[in-house]
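Work through these exercises with the sequence and the 3D view side by side. Try each task before reading its solution.

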Amino acid sequence: MFQTLYSYFWWERLWLPANLTWADLEDRDGRVYAKASDLYITLPLAFLFLVVRHLFETYVATPLAGLLNVKEKIRLKATPNAVLEKFYAATTKHPKQADVEMLSKKSGCTVRQVERWFRRRRNQDRPSLLKKFREASWRFTFYLIAFIAGMAVIVDKPWFYDLREVWKGYPIQSMLPSQYWYYMIELSFYWSLLFSIASDVKRKDFKEQIIHHVATIILISFSWFANYIRAGTLIMALHDSSDYLLESAKMFNYAGWRNTCNNIFIIFAAVFIITRLVILPFWIMHCTVFYPLDLYPAFFGYYFFNFMMVVLQSLHIFWAYLIIRMAQKFITGKVVEDERSDREETDNSEEEDEVAKNGPLSNGHPVLNNNHRKTD
C-alpha cells in the first residue's frame with residue numbers, strides 16, 4: 001500500500017509537464033538538478049537554527065537590549081486566589097458578567113475585585129518586552145542577511161531582468177550551488193519558525209501566521225521538486241526585502257525610540273506595498289501564470305503552485321490592511337504600534353492611580369522608591 005501511495009505521489013503528470021519524466025532530470029553531462037532527497041537536510045538545519053537563535057538571543061540580543069535601555073512596564077501581580085485561578089486555567093481568561101458575579105460569591109471578592117484580578121492575571125501571562133525585543137532582533141538579523149544573500153544569488157542572473165528567462169528551457173534547468181544553499185537555508189528557517197511558533201509571542205494573527213509558514217514551506221518544497229527554482233529565488237528575495245525593516249521598527253519601538261520607529265515603519269510600509277501588492281501580483285505571478293503556457297499545456301503542478309501563490313497573496317492583502325491602519329494612526333499623530341499585538345490591559349481603579357503617583361503596590365500599600373531622577 002505504501003509503495004502504491006508513493007508511486008501516485010511521484011507520478012510525473014502531477015509534477016512535470018506532458019512528455020517529461022523524472023529521468024529527464026537526472027544528473028548528466030555536468031548538469032545538476034534539484035532532488036527531493038536534498039530537502040532532508042532542512043529538518044536538522046531547522047533545529048540548528050533553534051540552537052543558534054537561543055545563543056543569539058542570550059549573548060547578542062539581551063546585551064543589545066540593555067544598551068538600548070529596553071525597560072519593562074510595571075505589572076501588578078494578581079493576588080493568589082485558588083477559586084479564580086482554577087477558573088482562569090480551566091474555563092476562560094475572559095469571564096462573562098454572569099461568571100464574574102458567580103466567582104464573586106465563591107471567592108468572597110467584590111465584582112470589581114474579580115474583574116481587576118482577571119486583568120492583572122492576563123497581563124502576567126503576556127510576553128515581556130525583553131522577549132519581544134529578542135525575537136525581533138533575531139528575525140531582523142536573519143531577514144537582513146537572507147535578503148543580501150538572495151540578491152547576491154539572483155542579481156547577476158538574466159531572469160532577474162527578463163522574467164521570460166525564468167522559463168527558458170524549463171524544466172531542463174541546471175541547479176547552481178548558490179541556489180541550493182539559498183533554498184536550504186530559507187526552508188530550514190521557516191521550519192524553525194513553525195517549530196517555535198507555540199512558544200513565540202502570540203499575536204492576533206496567530207492563525208494567519210501558521211497558514212503563512214505552512215504555505216511558504218509547501219511552496220518552497222514544491223518549487224524545488226518541480227524545478228521552479230528560478231521563480232522560487234525571485235519570490236523569496238522579494239519577501240525578505242521588507243521583513244527586516246518591520247523587525248527593525250519593532251526593535252526601536254520596544255526601545256522607546258518612537259521617531260526612529262515611525263520613520264522606519266513608513267519606509268517598511270512603502271516597500272511592503274510596492275513589493276507584495278504591486279511587484280508580486282503584477283510581475284511575478286503574471287510570470288508564473290501566463291509565461292509557462294507559452295511552453296507547455298497546464299498541468300496539476302502549474303495549478304497547485306499558482307494556487308499556493310494566491311493563498312500567500314491573500315495573506316499579504318490582510319497584512320496590508322493592518323499596515324494601512326497603522327499608517328493612518330501615524331498620519332493623524334497617534335503612536336504607531338503593531339496592530340497584531342495584544343495590548344496590555346490597564347486598570348482604571350484608584351489603586352492603579354496610586355501606582356502612577358507613588359510607585360508599585362505591595363499588598364495594597366505603596367513600595368517606597370528612593371531612586372528619584374530629574375524630570376526632563
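Helices are DSSP runs of H or I with at least four residues, numbered from the N terminus. The model used here is predicted.

**Exercise 1. Place Q97 and find its contacts.**

Which helix holds Q97, and which residues does Q97 touch beyond its sequence neighbours?

Step 1. Find the helix. Q97 lies in α5, which covers residues 97-107.

Step 2. Judge the exposure. Partly exposed runs between 20% and 50% relative accessible area. Q97 has 42%, so Q97 counts as partly exposed.

Step 3. List the contacts. Set aside neighbours within four places in sequence, and Q97 is in contact with V111 and E115.

Step 4. Check one distance. Q97 and E115 are 18 residues apart in sequence, and their C-alpha atoms are 9.2 Å apart.

**Exercise 2. Describe the chain as a whole.**

How many helices and strands does the chain have?

Step 1. Count the elements. There are 14 helices and two strands.

Step 2. Look at burial. The chain has 376 residues, and 45% of them are buried.

Step 3. Look at the contacts. Take those with a separation of 6 or more: 79% of them join residues 24 or more positions apart.

Step 4. Look at the surface. About 20900 Å² is exposed, with 62% supplied by carbon and sulfur atoms.

**Exercise 3. Explore the largest nonpolar core.**

Which residues touch the most other members of the largest nonpolar core?

Step 1. Name them. The core has 73 residues, and V166, W167, F189, W224 and Y228 touch the most other members.

Step 2. Find the suppliers. Helices giving at least two residues each include α3, α7 (129-154), α9 (177-196) and α10. Also among them are α11 (229-254), α12 (258-290) and α13 (300-331).

Step 3. Find the top supplier. α13 gives the most, with 12 residues.

Step 4. Look for a separate core. Another one, of 10 residues, lies apart from the largest core, and its members include Y88, V100, V114 and F118.

Step 5. Zoom in on Y228. Beyond four places in sequence, the contacts of Y228 include W167, Y170, Y183, Y296 and F305.

Step 6. Recall a general tendency. In soluble globular proteins, nonpolar side chains tend to be buried together.

**Exercise 4. Inspect the backbone.**

Where is N227, and is N227 buried or exposed?

Step 1. Start with the helix before it. α10 covers residues 206-225 and reaches 29 Å from first to last C-alpha, close to the expected 28 Å.

Step 2. Move past the helix end. N227 sits in the loop between α10 and α11. Its phi is near 65 degrees, a positive value in a residue other than glycine.

Step 3. Check the exposure. N227 has 3% relative accessibility, so N227 is buried.

Step 4. Set N69 beside N227. N69 also is not a glycine, and has a positive phi of about 60 degrees. N69 is in the loop between α3 and α4 (82-90). At 45% relative accessible area, N69 is partly exposed.

Step 5. Find a cis peptide bond. One joins Y170 and P171, with omega about 0 degrees. P171 is in the loop between α8 (158-161) and α9.

**Exercise 5. Trace the salt bridges.**

Which residue forms a salt bridge with E57?

Step 1. Find the partner. E57 pairs with R134, with the closest N and O atoms 3.7 Å apart.

Step 2. Place both ends. E57 is in α3 and R134 is in α7, 77 residues apart, and the pair links distant parts of the chain.

Step 3. Check E57. Its relative accessible area is 9%, so E57 is buried.

Step 4. Visit a second pair. R276 and D243 meet in a salt bridge at 2.9 Å, N to O. R276 lies in α12 and D243 in α11, 33 residues apart. Both are buried.

Step 5. Trace the network. Through shared partners, salt bridges join R53, E57, K131, R134, E135, R139 and D200.

Step 6. Visit D156 and K157. Their closest N and O atoms are 2.7 Å apart in a salt bridge. D156 is exposed at 55% relative accessibility, whereas K157 is buried at 11%.

Note on methods. Residues are numbered from 1 along each chain as its sequence is written. This is a predicted model: local features need pLDDT of at least 70, side-chain atom pairs count only at pLDDT 80 or more; totals for chains, interfaces and linings use all residues. Side-chain values use heavy atoms; hydrogens and water are left out. Buried means under 20% relative accessible area, exposed over 50%, partly exposed in between (1.4 Å probe, protein chains only). Contact means heavy atoms within 4.5 Å. Accessible areas come from the Shrake-Rupley method with a 1.4 Å probe; for residues, only the protein chains shown count as cover. The expected span of a helix is 1.5 Å times one less than its number of residues. A nonpolar core is a set of buried Ala, Val, Leu, Ile, Met, Phe, Trp, Tyr and Cys residues joined through side-chain atoms within 4.5 Å. A salt bridge is a side-chain nitrogen of Lys or Arg within 4 Å of a carboxyl oxygen of Asp or Glu.
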